[in-house]
Amino acid sequence: MGLPLMINNDDNNNNKVELSRVAVSDTHGEDSPYFAGWKAYDENPYDESHNPSGVIQMGLAENQVSFDLLESYLEKKNPEGSLWESKGSCGFRENALFQDYHGLKTFRQAMASFMEKIRGGKARFDPDRIVLTAGATAANELLTFILANPNDALLVPTPYYPGFDRDLRWRTGVRIVPIHCDSSNHFQITPEALETAYETARDANIRVRGVLITNPSNPLGATVQKKALEDLLDFCVRKNIHLVSDEIYSGSVFHASEFTSVAEIVENIDDVSVKERVHIVYSLSKDLGLPGFRVGTIYSYNDNVVRTARRMSSFTLVSSQTQHMLASMLSDEEFTEKYIRINRERLRRRYETIVEGLKKEGIECLKGNAGLFCWMNLGFLLNTNTKEGELELWDVILKELKLNISPGSSCHCSEFGWFRVCFANMSEKTLKIALKRIHEFMDRRRKVLNC
Amino acid sequence: MTRTEPNRSSKSDSENSGGGGGGTTAMRVIVPLQGVVQGRGGLFLGSVIPCAFFYFLQFYLKRNRKNEPDSGEPSPDSDPSSGSPDPTRSQSVGNLTELASLPRSLSRILLSPRLSGGAVSVSGRAGCVIKGGDSPYHVGQKRVEEDPYDESGNPDGVIELGSAHNTKMDWVSEDPGEAISDGLCMSGIASYEPCHGLIELKTAVAGFMSEATKNSVSFDPTQLVLTSGAASAIEILSFCLADSGNAFLVPTPCSPGYDRDVKWRTGVDLIHVPCRSADNFNISMLVLDRAFYQAKKRGVRIRGVIISNPWNPTGTLLSRENLYALLDFARERNIHIISNEVFAGSVHDEGGEFVSMAEVVDTEENVDRERVHIIYDLSKDLSFPGLRTAAIYSFNESVLSASRKLTTLSPVSSPTQHLLISAISSPKFVQRFVKTNRERLMRVYAELVKALKELGIECTRSSGGFFCWVDMRGFMSSYSEKGEIELWNKLLNIGKINVIPGSCCHCIEPGWFRLCFSNLSERDVPVVMNRIRKVCETCKSQN
């Protein structure tokens with residue numbers, strides 16, 4: 001059946017067919033400690049009654065504190081919110097057939113209004129500039145594909161979310177050049193650090209295409225100051241590069257007044273060439289505690305980017321059923337106002353619980369005001385002030401205390417001994433148990449030191 | 001790939017190597033220096049003339065590059081909503097521009113001016129969308145959106161026969177009853193779940209795929225990876241099986257979507273292997289082989305071949321012999337096979353037998369099974385496009401492992417997964433649905449073919465899927481791509497029907513059109529025929 005005459009034995013006829021470099025690379029980062037701890041948790045998950053000595057998952061930034069509010073809203077069987085409209089099959093059919101990559105207009109309007117609400121009305125969002133993607137992960141990758149070519153770079157302040165190594169680099173071929181921040185000024189981004197990062201890239205002959213920040217920051221759990229944002233935008237204008245602001249935790253700021261979105265800064269700017277470089281990423285996964293729904297958005301002030309992102313979103317569309325389900329919920333003013341307010345309050349209280357509990361053990365955390373985690377300093381417990389020392393400690397915490405937390409080195413932190421500890425993905429009771437384990441560990445240590 | 005530079009002269013070898021290497025800084029220095037070093041008489045001229053050519057070329061290219069998207073200025077013809085497009089131009093210009101702005105070679109980066117101010121630029125990948133204009137595929141789609149046909153509300157609107165929707169199957173009237181549960185429990189669906197799909201859904205999808213093969217294959221759910229749509233499935237496979245700069249062979253005519261799904265972000269190329277009407281558009285192994293070796297001679301590494309079964313756009317079913325021949329071909333050249341089986345559940349020809357690639361490799365050695373990857377799309381067969389659920393089925397554990405990780409970037413949302421689980425886990429519902437779907441497609445197809453014949457229009461025999469591959473060569477003003485686009489324009493603007501011209505499917509023979517009939521009921525067929533008749537009469541009177 002083949003054509004033996006044309007077979008050339010120089011072909012790689014070693015029988016086993018090869019895969020691409022992307023497929024075999026480890027840029028997905030799933031072998032890092034960040035994910036290794038998850039595996040340990042999967043194998044031995046804590047359960048209050050069935051497995052009280054299991055691993056408590058404090059490495060996953062999921063928000064379960066306000067779940068009951070969502071449940072009660074949906075269970076009220078608001079006819080708009082149910083899967084099929086009560087008027088029968090038409091709603092369902094339209095839903096099932098809808099596949100326009102612009103996304104349901106009602107859903108985009110609802111998203112725009114929700115994003116405005118989170119920012120206390122200090123910025124307006126145009127639903128036609130909203131592009132839907134299946135999660136913020138996809139949104140970040142999409143923007144990277146659009147703003148940068150392979151071997152170009154994005155500047156990202158450290159410490160940063162470990163997933164960026166995958167989302168921004170894996171398939172895009174784009175590099176991350178870190179903007180080093182340290183504890184001397186609470187890890188805030190300084191103009192000097194920005195310049196240094198830019199020069200580093202330039203010296204290596206790498207073209208910088210933009211800066212990507214997370215505001216509020218993951219893993220710091222703190223908002224970026226308004227002045228820092230203004231300086232950042234200035235820097236981007238001077239270097240003629242883009243600014244991407246991942247504001248996925250914007251609804252999880254404990255006090256609304258402490259959050260400044262880049263949208264607010266851009267709101268008062270008329271100069272299109274300045275606005276056009278700003279892009280915002282948002283998702284419902286953190287603020288609404290709906291990660292499984294996979295709803296992400298790109299909001300861009302640049303028409304070309306919106307148009308391209310929309311087309312590219314063909315690879316990562318949100319199902320129409322999901323859009324429909326959420327559209328009515330997000331446009332319910334009463335519900336969203338109540339949810340945002342109560343969610344913030346509960347997160348703040350959780351944060352205070354954990355920070356005070358740690359303080360009692362002599363453990364300090366960075367002063368935070370947002371997010372689902374705290375940034376804890378265990379530098380004083382390290383045997384050696386190195387990455388290995390930090391990972392040793394992380395291993396002890398995982399194996400002995402059965403707590404999965406995220407080591408700062410996986411977040412590319414330039415100082416060792418910092419750890420990200422999530423507190424929103426568990427019940428209050430479980431949080432107390434985690435604190436108890438830490439207390440027992442510190443107690444044992446104090447006794448050992450005292451002998 | 002090296003570009004040929006017009007400044008090549010026969011004066012010395014050094015000039016040739018200097019000229020052919022592209023615009024690197026190094027070359028700008030070496031060419032004159034080599035002349036100096038060699039210390040020859042007519043040395044000065046021998047260095048200056050090629051240098052001058054070289055610098056002129058740089059200057060010329062730099063000037064031209066200022067108009068490209070990389071310099072940030074939006075081009076005037078980038079507006080996709082332009083009223084009367086010239087699709088011929090936009091298509092070919094789009095293709096050229098796409099090639100030119102692929103951000104691959106270092107030389108391009110050095111040639112484009114560094115911006116000191118002004119508009120910020122986007123990547124080459126974005127640029128080719130912005131500058132590319134719109135193909136008939138997009139133009140037609142837009143017209144349908146602006147002026148959609150409705151039997152009662154807008155009887156003069158544009159009838160959509162372009163995209164592969166299956167809009168006539170009605171789930172609720174099929175009485176899923178207990179099959180679909182309305183009360184989704186929030187706590188079950190809100191948290192993070194595996195991006196590549198819940199095992200319950202994979203099991204249900206595997207069952208559905210088996211049903212499509214009339215149970216001659218049993219699909220293993222653990223070899224499935226779910227993702228948010230067939231575009232994503234094809235792209236993920238392209239990323240996994242080929243590196244940027246490599247290529248896949250694709251027999252044509254093929255799906256218009258491959259240009260985006262396979263090539264856009266991956267940098268992988270498609271090499272079209274034409275099939276001809278004289279052969280009933282069957283794949284010729286000889287032509288495939290020739291294409292493989294021609295690519296190899298050009299230095300392009302072929303990583304696989306993409307087939308679709310049932311074929312898009314012709315609707316042909318590949319025979320067992322075809323599939324074995326393809327497997328032999330792939331084995332001998334050590335490449336992959338991507339088998340796009342998205343229409344597997346829509347075989348409407350009673351005499352037709354759908355054979356999945358999975359069945360063919362069932363009895364083969366592992367090393368051969370590992371080169372086969374199948375794409376399936378629930379949205380097509382279930383008429384559920386909005387739900388965005390497609391699958392990659394592979395025998396290659398490394399591909400599965402990489403694909404699973406990649407689905408974090410294109411996951412299926414969990415309420416959707418749960419909805420589908422409850423819907424398609426009921427075997428009775430699935431069987432009834434698939435049977436009804438097939439019967440309905442068969443009826444409409446038969447009506448359509450009969451009516452087209454009365455107009456003197458033939459089509460290839462379609463056994464599966466939603467398309468009729470229609471021969472309208474007799475109605476073109478000239479046997480050329482231009483003639484085809486003119487006819488397409490008439491069909492859209494006079495006939496108010498949106499069909500896909502064969503050029504979008506990369507058909508080498510002009511005059512063929514893809515007509516999607518799954519949106520039509522039997523009642524719509526006469527309406528469509530009247531419109532086509534009107535256009536045919538216009539063409540006859542003009543020709």
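A strand here is a DSSP run of at least two E residues, numbered from the N terminus. With that in hand, the predicted model can be walked through piece by piece, starting with its internal spaces.

There are 15 cavities of 30 Å³ or more in the structure. The largest cavity holds about 170 Å³ of space. Its lining is made up of 17 residues, and those closest to the centre are A:Pro157, A:Ile189, A:Thr214, A:Ser217 and A:Leu220. Two strands of chain A, E3 (153-157) and E5 (208-214), each put at least two residues into this lining. The biggest share comes from E5(A), which gives three residues. Sorted by class, the lining of the largest cavity comes out as 11 nonpolar and six polar residues, with no charged ones.

Next comes the second largest cavity, with a volume of about 90 Å³. Its lining consists of A:Ile363, A:Met376, A:Leu378, A:Leu381, A:Ile397, A:Leu401, A:Leu403, A:Ile405, A:Ile438, A:Phe441 and A:Met442. A quick look at the classes gives 11 nonpolar residues, no polar ones and no charged ones. Here a helix gives the most: H17 (residues 428-450) of chain A supplies three residues to the lining of the second largest cavity.

Helix H17 of chain A is also home to A:Ile433. This residue has a relative accessible area of 29%, so it is partly exposed, given that buried means under 20% and exposed means over 50%. Setting aside neighbours within four places in sequence, A:Ile433 touches A:Tyr46 and A:Ile56, with which it is in contact. A:Glu48 makes another nice example of the chain coming back on itself in sequence terms: it is 385 residues away from A:Ile433 along the chain, yet the two C-alpha atoms are separated by 9.6 Å.

Staying with chain A, helix H3 (residues 67-75) has A:Phe67, A:Leu69, A:Leu70 and A:Tyr73 buried. Why do they sit on the same side of H3(A)? These residues cover an arc of only 165° around the axis, and that puts them on the same side of the helix.

Loops can hold buried residues too, and A:Thr260 is a case in point. A:Thr260 belongs to the loop that runs between strand E6 (242-246) and helix H10 (262-267) of chain A. Its relative accessibility is 9%, so it counts as buried. Beyond its neighbours within four places in sequence, the contacts of A:Thr260 are A:Asn215, A:Lys226, A:Leu229 and A:Ile265.

Now for chain B, which has 21 helices and 13 strands. Of its 543 residues, 60% are buried. Chain B exposes about 21200 Å², and 53% of that is supplied by carbon and sulfur atoms. For contacts in chain B between residues at least 6 apart in sequence, 75% link residues at least 24 apart. One helix of chain B is mostly covered: H18 (residues 414-424) has 10 of its 11 residues buried. Among them are B:Pro415, B:Leu419, B:Leu420, B:Ile421 and B:Ile424, and the buried set also includes B:Ser414, B:Thr416, B:Gln417 and B:Ser422.

The backbone has some less usual spots as well. Most residues other than glycine have a negative phi, and most peptide bonds are trans. Against that background, chain B has a cis peptide bond from B:Thr252 to B:Pro253, with omega near 10°. B:Pro253 is placed in the loop between strand E3 (247-252) and helix H11 (258-263) of chain B. Another cis peptide bond joins B:Asn312 to B:Pro313, this time with omega about 20°. The loop holding B:Pro313 runs between strand E5 (302-308) and helix H13 (320-333) of chain B.

Phi has its exceptions too. A:His412 is not a glycine, but its phi is positive, at about 65°. It is found in the loop between strand E12 (406-407) and strand E13 (418-422) of chain A, and with a relative accessibility of 33% it counts as partly exposed. In chain B, B:His506 has a positive phi near 60°, again in a residue other than glycine. The loop of B:His506 lies between strand E12 (500-501) and strand E13 (512-516) of chain B. B:His506 is partly exposed, with a relative accessible area of 23%.

Conventions. Residues are numbered from 1 along each chain as its sequence is written. Chains are lettered from A and ligands numbered from 1 in the order in which they are written. This is a predicted model: local features need pLDDT of at least 70, side-chain atom pairs count only at pLDDT 80 or more; totals for chains, interfaces and linings use all residues. Side-chain values use heavy atoms; hydrogens and water are left out. Helices (H or I, at least four residues) and strands (E, at least two) are DSSP runs, numbered from the N terminus. Buried means under 20% relative accessible area, exposed over 50%, partly exposed in between (1.4 Å probe, protein chains only). Contact means heavy atoms within 4.5 Å. Accessible areas come from the Shrake-Rupley method with a 1.4 Å probe; for residues, only the protein chains shown count as cover. The arc is that of the directions from the helix axis to the C-beta atoms. On a 1 Å grid over the protein atoms alone, a cavity is a set of points where a 1.4 Å probe fits but cannot get out, and a pocket is an open set with protein on both sides within 12 Å along at least five of seven lines; lining residues have an atom within 4 Å of a point. Grid points are joined across faces, edges and corners, and a volume is the space filled by probe spheres set on the points. Ala, Val, Leu, Ile, Met, Phe, Trp, Tyr, Cys and Pro count as nonpolar, Asp, Glu, Lys and Arg as charged, and the others, Gly among them, as polar.
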